[in-house]
Amino acid sequence: VMNALRGWLRNLSLDHPVLTAGVCVVGCVGAAVGVVAWYTERRRAHIREEQVTLARSKGIHLAHTRLGRTRYELRGPDAGPLVVFVHGAVTHSEVWEPMAQRLCDEDNVGALTFDMFGRGLSDPVPRGLAANDVLFAAQLSELLHRVLGAEPHGTSKLTLVGHSLGAAVAAGFARRHPNLVEKLVLVSPVGMGSDHCGHWTLRIPVLGTLLACWLGTMYVHKWTQSELPVSGDSMNSNAHAREVVYDSLAWQEEHTIDYMRSLRKTLREFPRDLTETYRELGTRDLPVLMIWGTADALTPLEDARLFQEAMPQAKLLTVEGAGHYVMLQREATVSKAIATFVKGEETH
């Protein structure tokens, strides 16, 4: 590129220095863009190869569907209740792994965890598609069909458990597939009330891109640090939750293709108001359990009132002192509540 540019410049008249300088600038910018694009594609290909190698070495399952590749783990009995866990915007499926294993070991309940597009070992958010509840619900639908076939799990329906943005995805899936979903668990859900998302600056065009590129996951770390302060009565549980979330962020920045791009797209394009979705679920005979930490700064407990107004059948379980990552801070409490709910017992 540069040799061709030099040859062209030799033929330019020296009477046009501004034109000459402009051509130099355009040529340099074009060359730089080409180098960046080449490097980006090489890095994507390298990460994809690493992901396949990692999946094979650790026995991780990768499902190939029409929308793209999805990482998943299915554990527990072949028949009976099946709980599908949906993670939030920032993390990936491994935040649910300990609880999924606990339900299998202690309660004989099947569990399915998966990485949403742009997280973990799944493909990036498909180009040309919005990173919204419709996309992630379609991803889950294709995954269920690919992994479980026509029947969801033996003769039983599914219990969906979603955290934060994943709760909104679970609600959207339940709205679109009422024949598959028997029960719904919403943990620190979003989609009603004020916009409490701590990543709001990432939604701003240009500025959001620059912040994400310059600061990387350090930007999200700062928000997580404010949500999970290592002080007070919850010091130990907060420290554990922060470690899990930080590890998830660091791992994805290194091993997930286009992680920050997918995160920016999700935070910009995911609907902030899903009132109609929750209201429609409120008209159905669908058992709903909401689990909320009383110290949640991202989705305050006050928002629970709006959700209960939309879904009068929803039961609310509050966990004293827990924050937005209540399932990490109080794993035993949340796991027991989910198991009790799935089995149809009374939840207190």
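This passage walks through a predicted model, starting with its sheet and ending with a few loop residues.

Because the model is predicted, local features need pLDDT of at least 70 and side-chain atom pairs count only at pLDDT 80 or more, while totals for chains, interfaces and linings use all residues. Residues are numbered from 1 along each chain as its sequence is written, and side-chain values use heavy atoms, with hydrogens and water left out.

The sheet comes up first. Eight strands are too many to take in at once, but the order helps: the open sheet of 8 strands reads β1-β2-β4-β3-β5-β6-β7-β8, and its pairing is mixed. Strands here are DSSP runs of E with at least two residues, helices are runs of H or I with at least four residues, and both are numbered from the N terminus. Two strands pair if DSSP finds at least two bridges between them. At the edges sit β1 (61-64) and β8 (315-319), each of which pairs on one side only. On average, and with direction ignored, neighbouring strands of this sheet are turned by 25° against each other. Helix α5 packs on the sheet and touches β3, β5 (158-163) and β6; contact means heavy atoms within 4.5 Å. The direction of α5 makes about 150° with that of β5. Such angles run from 0 to 180 degrees between N-to-C directions, and the axes are lines fitted to C-alpha atoms, for helices over the stretch in contact.

Now for the strands one by one. β1 and β2 pair in the antiparallel sense over 4 bridges, and histidine 61 stands opposite tyrosine 72 in β2. The two strands form a hairpin with 4 residues between them, and glycine 68 in the turn has a positive phi of about 150°. On to the pairing of β2 with β4, which is antiparallel and has 4 bridges; here arginine 75 has alanine 111 in β4 as its bridge partner. β2 is largely enclosed by the rest of the structure, because 6 of its 7 residues are buried. Buried means under 20% relative accessible area, exposed means over 50%, and partly exposed lies in between (1.4 Å probe, protein chains only).

β3 (residues 82-86) is mostly covered too, with 5 of its 5 residues buried. In a regular strand the side chains alternate between the two faces of the sheet. In β3 both faces are covered: Leu82, Val84 and Val86 are buried on one side, and Val83 and Phe85 are buried on the other. β3 runs parallel to β4 (residues 110-114), and 4 bridges join the two. Phenylalanine 85 stands opposite threonine 113 in β4.

Next come the helix pairs. The axes of α3 (residues 97-107) and α13 (residues 331-342) come within 10 Å and cross at roughly 55°. α3 and α13 are therefore oblique to each other; angles under 35 degrees count as roughly parallel, over 145 as roughly antiparallel, 65 to 115 as roughly perpendicular and the rest as oblique. Their crossing is right-handed, meaning that the near helix is turned clockwise from the far one by less than a right angle, whereas anticlockwise would be left-handed. On the α3 side, the contact is made by Pro98, Met99, Arg102, Leu103 and Asp107, and α13 brings Glu331, Ala332, Val334, Ser335, Ile338 and Ala339. By class, this contact has 7 nonpolar, 1 polar and 3 charged residues (Ala, Val, Leu, Ile, Met, Phe, Trp, Tyr, Cys and Pro count as nonpolar, Asp, Glu, Lys and Arg as charged, and the others, Gly among them, as polar). The buried residues of α3 are Glu97, Met99, Ala100, Leu103, Cys104 and Asp107, and they pack against β2 (69-75), β3, β4, α12 (326-329) and α13.

The helix on the sheet has a partner as well: α5 (residues 165-176) packs against α10 (residues 275-282) at an angle of about 55°, with their axes 10 Å apart. That makes α5 oblique to α10, and this crossing is left-handed.

Last, some backbone oddities. Most residues other than glycine have a negative phi, and most peptide bonds are trans. Just after α3, though, asparagine 108 takes a positive phi of about 55°. Serine 188, in the loop between β6 (181-187) and α6 (207-215), has a positive phi near 50° and is buried, with a relative accessible area of 0%. Aspartate 258, in the loop between α8 (235-255) and α9 (259-269), has a positive phi near 55° and is buried at 18% relative accessible area.
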